[in-house]
Amino acid sequence: MKEDTLMTAEQNGQNDEWYLGDHRFSSRFVLGSGKFSLPLVQAVTEAAEVELITLALRRTNEGGVANILEYIPSTVRIVPNTSGARNAEEAVRIARLAHQICNTPFIKIEIMRDSRYLLPDNQETVRATEQLAKEGFVVMPYMFPDLTVARDLVQAGAACVMPLAAPIGSNKGLINKEWIQLLVDELSVPIIVDAGIGKPSEACAAMEMGVTAIMANTAIATAKDISGMAKAFNMAIQAGRRSYLSGLGRVLERGGQASSPLTGYLR
């Protein structure tokens, strides 16, 4: 089993790494850049110790004055997203343009027609994933956690699936926990929880479920101490991963059990 191999590696002191296609990563924290000012992008990226950062194509140049690419450390891989796409055709067009500008094989598919809740269009996402995977992209689709759709995305060539924990930007936490657990249990590709995580404790809880990585933006960008919150998320994600690999203790359905013997103290 894949996780048995990871546990053995962890016990032997080796790096607990994961893959997107043929690309290897150590950090399990994926940072979104949408709500950060340009100077903060570099500071937060360094504080979070991330290796992947997503960005909308429109942010690669802000009015011809400042380019976000200049603020991202060279050690961090860029993942353009198709934010603004309303169907598969638009997403594919944005992905091709992003590849020319950013010179990266990664693309995060975001297709939304719902302007109120910003829920992803799963069917159009499958269509875009299939086309872009054929063109050689490392496709990372943002999706509502539906197991049937997730299987279709894997069949279409997705390098991972990115289910939402809660509506994007809401900070509501793991409201889709049970559905995400199904993906963890049934899929062989990485599961990156995307959107809705509001607290480091929620990121830790998701990692304890066995997800591969966490993506966060709003929870950090709206914190009072942005760099401090980025560090807190990084620590929580590492703790959750360590907890998962260590194996959580069993839960009693009823009653309690003493942690120390109740007899034999006095003779």
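Here is a chat about how the labels on this predicted model are earned.

Reader: What should I know before we start?

Author: This is a predicted model, so local features need pLDDT of at least 70 and side-chain atom pairs count only at pLDDT 80 or more, while totals for chains, interfaces and linings use all residues. Residues are numbered from 1 along each chain as its sequence is written, and side-chain values use heavy atoms, with hydrogens and water left out.

Reader: How many helices and strands are there, and what makes a stretch count as one?

Author: The protein has 9 helices and 10 strands. Helices are DSSP runs of H or I with at least four residues, strands are runs of E with at least two, and both are numbered from the N terminus.

Reader: Why is Phe 144 called partly exposed?

Author: Buried means under 20% relative accessible area, exposed means over 50%, and partly exposed is in between (1.4 Å probe, protein chains only). Phe 144 has a relative accessible area of 31%, so partly exposed is the label. Phe 144 lies in the loop between β7 (138–143) and α5 (147–156). Across the protein, buried residues make up 51% of the 267 residues.

Reader: What makes Tyr 117, Leu 119 and Phe 144 a patch?

Author: Patch residues have over 30% relative accessible area and no salt bridge; like charges are joined within 9 Å, and nonpolar side chains (Val, Leu, Ile, Met, Phe, Trp, Tyr) within 5 Å. Tyr 117, Leu 119 and Phe 144 make a nonpolar surface patch of about 250 Å². Areas like that come from the Shrake-Rupley method with a 1.4 Å probe; for residues, only the protein chains shown count as cover.

Reader: Why do Ser 243 and Tyr 244 get their labels, buried for one and partly exposed for the other?

Author: Ser 243 has a relative accessible area of 17%, so Ser 243 is buried. Tyr 244 comes in at 24%, so Tyr 244 counts as partly exposed. Ser 243 sits in helix α9, and Tyr 244 lies in helix α9.

Reader: Which residues is Ser 243 in contact with, leaving aside its neighbours within four places in sequence?

Author: Contact means heavy atoms within 4.5 Å. With those neighbours left aside, Ser 243 is in contact with Glu 208 and Leu 248. As for Tyr 244, its C-alpha atom is separated from that of Glu 208 by 4.7 Å, with the two residues 36 apart along the chain.

Reader: What makes Trp 18 and Phe 25 a tilted pair?

Author: Rings of Phe, Tyr and Trp (its six-membered ring) pair if their centres lie within 6.5 Å; planes under 30 degrees apart count as stacked, over 60 as edge-to-face and the rest as tilted. By this rule the count comes to 3 aromatic pairs. Trp 18 and Phe 25 are 5.4 Å centre to centre with 40° between the planes, and that makes the pair tilted. Both residues, Trp 18 and Phe 25, are buried.

Reader: And what makes Phe 29 and Phe 233 stacked?

Author: Their centres are 6.1 Å apart and their planes differ by 25°, which puts them in the stacked class. This pair links distant parts of the chain, 204 residues apart: Phe 29 is in strand β3 (residues 29–32) and Phe 233 in helix α9 (residues 226–246).

Reader: How do you know that Arg 241 and Asp 16 form a salt bridge?

Author: A salt bridge is a side-chain nitrogen of Lys or Arg within 4 Å of a carboxyl oxygen of Asp or Glu. For Arg 241 and Asp 16, the closest N and O atoms are 2.7 Å apart, and the label fits. The pair links distant parts of the chain, 225 residues apart, with Arg 241 in helix α9 and Asp 16 in the loop between α1 (2–11) and β1 (18–20). Both Arg 241 and Asp 16 are buried. The whole structure has 11 salt bridges.

Reader: Why are Arg 127 and Glu 124 said to be separated by about one helical turn?

Author: They are 3 residues apart in helix α4 (residues 122–134), so about one helical turn separates them. An α-helix has 3.6 residues a turn, so residues three or four places apart point the same way. Their side chains, Arg 127 and Glu 124, meet in a salt bridge at 2.8 Å, N to O. At 39% relative accessibility Arg 127 counts as partly exposed, whereas Glu 124 is buried with 15%.
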